[in-house]
Number of protein chains: 2
Amino acid sequence: MALRVGVIGGGQLARMMIAPAVELGLDLRVLAEDEGMSAQLAATAVGDYRDLEAVRAFVKDVDVVTFDHEHVPQDVLRALVDEGVAVHPGPDALQFAQDKLVMRARLAGLGVPQPDWAAVHDAAELQAFLDDHDGRGVVKTPRGGYDGKGVRVVRAATEAQDWFDQLPEGEALLVEELVAFVRELAQQVARRPSGEIVAYPVVETVQRDGVCAEVIAPAPAAGERLARVAEGIGRSIAEGLGVTGMLAVELFETDDERILVNELAMRPHNSGHWSQDGAVTGQFEQHLRAVADLPLGDASPRAAWSVMVNILGGPTEGALGDRFAAAMAEHPSAKIHTYGKAPRPGRKVGHVNVSGDDLDDAVYVARAAAAHFLD
Amino acid sequence: MALRVGVIGGGQLARMMIAPAVELGLDLRVLAEDEGMSAQLAATAVGDYRDLEAVRAFVKDVDVVTFDHEHVPQDVLRALVDEGVAVHPGPDALQFAQDKLVMRARLAGLGVPQPDWAAVHDAAELQAFLDDHDGRGVVKTPRGGYDGKGVRVVRAATEAQDWFDQLPEGEALLVEELVAFVRELAQQVARRPSGEIVAYPVVETVQRDGVCAEVIAPAPAAGERLARVAEGIGRSIAEGLGVTGMLAVELFETDDERILVNELAMRPHNSGHWSQDGAVTGQFEQHLRAVADLPLGDASPRAAWSVMVNILGGPTEGALGDRFAAAMAEHPSAKIHTYGKAPRPGRKVGHVNVSGDDLDDAVYVARAAAAHFLD
């Protein structure tokens, strides 16, 4: 009987696991939040991932549990583990992706380079940090943020007063130094429960309005030192935190050649979508292999350059309308991936991958194909 | 709403359409012969493809109909077309893939190079053909043969007497000259209803016991002339026969540098499995684009060489047993595709694709990975 992999969450990351699961012969089962989600083809249940009973009912028919997102509460995860369910990544690792304060403290313990940071319980503590850092800082809610939400650049503690007002007694916000970075990078690694690790090449990511817009793989002008340092950080975190499955480490590269950890994600990640078409083993296949504790695949690029451009928002007439056909007609080498999601301004509804020998060409084709979907 | 593509037949070819359908955002629906077929994830109905009512019920919820095999009877296909259903390839084209005598006569009319052949109604007619061709010939049942079934090399008409005995009144067998070929090739093209055609590079196929064992893409030592002639044959047949979707033309290359058409298939074909990982647009994606009348994708190879090795039979403990993990562990660059079919000696249960710059390396890795599944 085929190994049954259960995915909690029915978004596009779960959807993009379907293709490699079919080819590998894994029986993918998804607990979706709702009917008609992105991963509906593999949805075998609909339920609330915060409800232990709903999750318990779902996992009793799977061999291993993994995730489309990092929002399943610790108490639910720990109850599953206590009941003998194989959960990858497990709660001990996932807590570092769920709470940025816990993550910062742990990375400090591991000696991983990161921005200056502090846990601040009130405006006075925040102002003290700002005063020590040129009067500026990035305030983050430790939990629940994504795609720029829960992140605010401030120049005075009063700018975060509303968040302090909503903060439960005894809890803190995270403040980080505003890093003068020259660009953003991402390092992905996969790690199996048995310990095997495979690293992808470090990539450059371009954010717009706090959302990933483009990725270039490998990162242009990334010398051997940069690649080695980034890979070392990825490996250290995967091992130090006991991550199983795909790990994405978002990085800042500074003008003084330092690399600092920005964020972590313990699942396939937007910065790795290029690998579906641009690497021997795409990140969705690799995540499945890792969580199923199967031998990991070759993470080498298939081409000199791969470029990923997100499709945000999109036409109201649906992804397979005239714009889709026009993009395909003009750019036959573009790999257009759709998420089956209703378009909304700024919502990720798909992406385009292009690989080739010439970076400028690949960037042009990927952007031009994606531009067909702009309103 | 997503375009709905209905596939009649639930085998591995339908299964391998699932991955590109998900990424393209097509709603794939499969009419499977039985429960638990290879393409079961996309199966929305189970029924007999020879039963017009069963097929009619299936197609009323799809926008276009295509196939996993060529066995749907002409009367069923023509009834659908008469009712306004979009069927690709249509019955006018598909008849040439369903009946080898009809195919031979039509290719003769198109002036496509093929072996000498004749329709023979009895042993006397067959013996006359053999006498004209060094006493040898290949006798074929015009319909229903595949993977070497319905094909027999004979040196005397008596060796086909049992087939003549079973032949309905007025029907004939096909006899072809036994071609002294140096190797077998396959040319694939995709054609849209609107006329656009895209050609894949000609590949070399290696058969064992009448079944495809290995494919090398592109065909080694294929000069410009060979590639041009093969592509021309593919285009002529696709246009001349009005094929929509993928067309595979199996070819003999003779020692006097002729290329002769052996067989046709109007669907994704074993000779094109390499393209899943080795071409910018794999044949399953291309078939979906073609039958949906979407612009065709780039059929260029992604690597200098791609090699496909079939997995036949296989271990009784199931595809994801220890052998699968061992093959993955030893060959991290091998792309192993499984069909979710119970292993039986000689049955195609999966295949391995390997791409790279060095042909010998790619052949070695693909064979070595596939060898893990031999009993």
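Let's start with the salt bridges across the interface of chain A and chain B: the rule finds 4 of them. A salt bridge here is a side-chain nitrogen of Lys or Arg within 4 Å of a carboxyl oxygen of Asp or Glu. The background is simple: side chains of opposite charge can pair when their charged atoms come close.

Before I go on, a word on the ground rules. This is a predicted model, in which local features need pLDDT of at least 70 and side-chain atom pairs count only at pLDDT 80 or more, while totals for chains, interfaces and linings use all residues. Residues are numbered from 1 along each chain as its sequence is written, chains are lettered from A and ligands numbered from 1 in the order in which they are written, and side-chain values use heavy atoms, with hydrogens and water left out.

Back to the bridges. One of them pairs Lys335(A) with Glu285(B), with 2.8 Å between the closest N and O atoms. Another is formed by Glu285(A) and Lys335(B), at 2.7 Å from N to O. Why does this second pair join two chains? Glu285(A) sits in helix H10 of chain A and Lys335(B) in strand S16 (residues 335-338) of chain B, so the pair reaches from one chain to the other. Helices (H or I, at least four residues) and strands (E, at least two) are DSSP runs, numbered from the N terminus.

Are these two partners buried or exposed? Glu285(A) counts as buried at 13% relative accessibility, and Lys335(B) counts as buried at 8%. Buried means under 20% relative accessible area, exposed over 50%, and partly exposed in between (1.4 Å probe, protein chains only).

Now let's look at the whole interface. Besides the salt bridges, the rule finds 18 residue pairs in polar contact across it, both residues at pLDDT 80 or more. A polar contact is a pair of N or O atoms within 3.5 Å; within protein, one must be able to donate a hydrogen and the other to accept it, and residues adjacent in sequence count only if both atoms are side-chain atoms.

On the chain A side, at least two residues each come from helix H1 (12-24), helix H9 (275-278), helix H10 (283-291), helix H11 (322-330) and strand S16 (335-338). H1(A) gives the most, with 7 residues. Sorted by class, that side has 19 nonpolar, 7 polar and 8 charged residues. For this sorting, Ala, Val, Leu, Ile, Met, Phe, Trp, Tyr, Cys and Pro count as nonpolar, Asp, Glu, Lys and Arg as charged, and the others, Gly among them, as polar.

How many residues does each chain bring to the contact? Chain A brings 34 residues and chain B brings 34 residues, where contact means heavy atoms within 4.5 Å. Together the chains bury about 3,100 Å², 57% of it on carbon and sulfur atoms. Buried area is the accessible area (1.4 Å probe) that two parts lose on being put together, summed over both.

Next, the symmetry. A turn of 180° and a shift of 0.0 Å along the axis lay chain A on chain B with an RMSD of 0.0 Å; the copies are superposed by least squares on the C-alpha atoms of residues with pLDDT of at least 70 in both. The two copies are therefore related as by a two-fold rotation axis. In chain A, the C-alpha nearest that axis belongs to Ala19(A), 2.0 Å away. The same surface serves both copies, and 100% of the contact residues of chain A recur in chain B.

Let's also look inside one chain. Lys140(A) forms a salt bridge with Glu176(A), the closest N and O atoms being 3.1 Å apart. This pair links distant parts of the chain, from strand S6 (residues 137-140) to strand S8 (residues 173-176), 36 residues apart. Both Lys140(A) and Glu176(A) are buried. They also belong to a network of salt bridges with Lys100(A), Arg104(A) and Glu263(A).

Last, some backbone details. Most residues other than glycine have a negative phi, and most peptide bonds are trans. In chain A, a cis peptide bond joins His88(A) and Pro89(A), with omega about -5°. Pro89(A) lies in the loop between helix H3 (74-82) and helix H4 (91-98). Asp293(A), though not a glycine, has a positive phi of about 55°, and this residue is partly exposed, with a relative accessible area of 29%.
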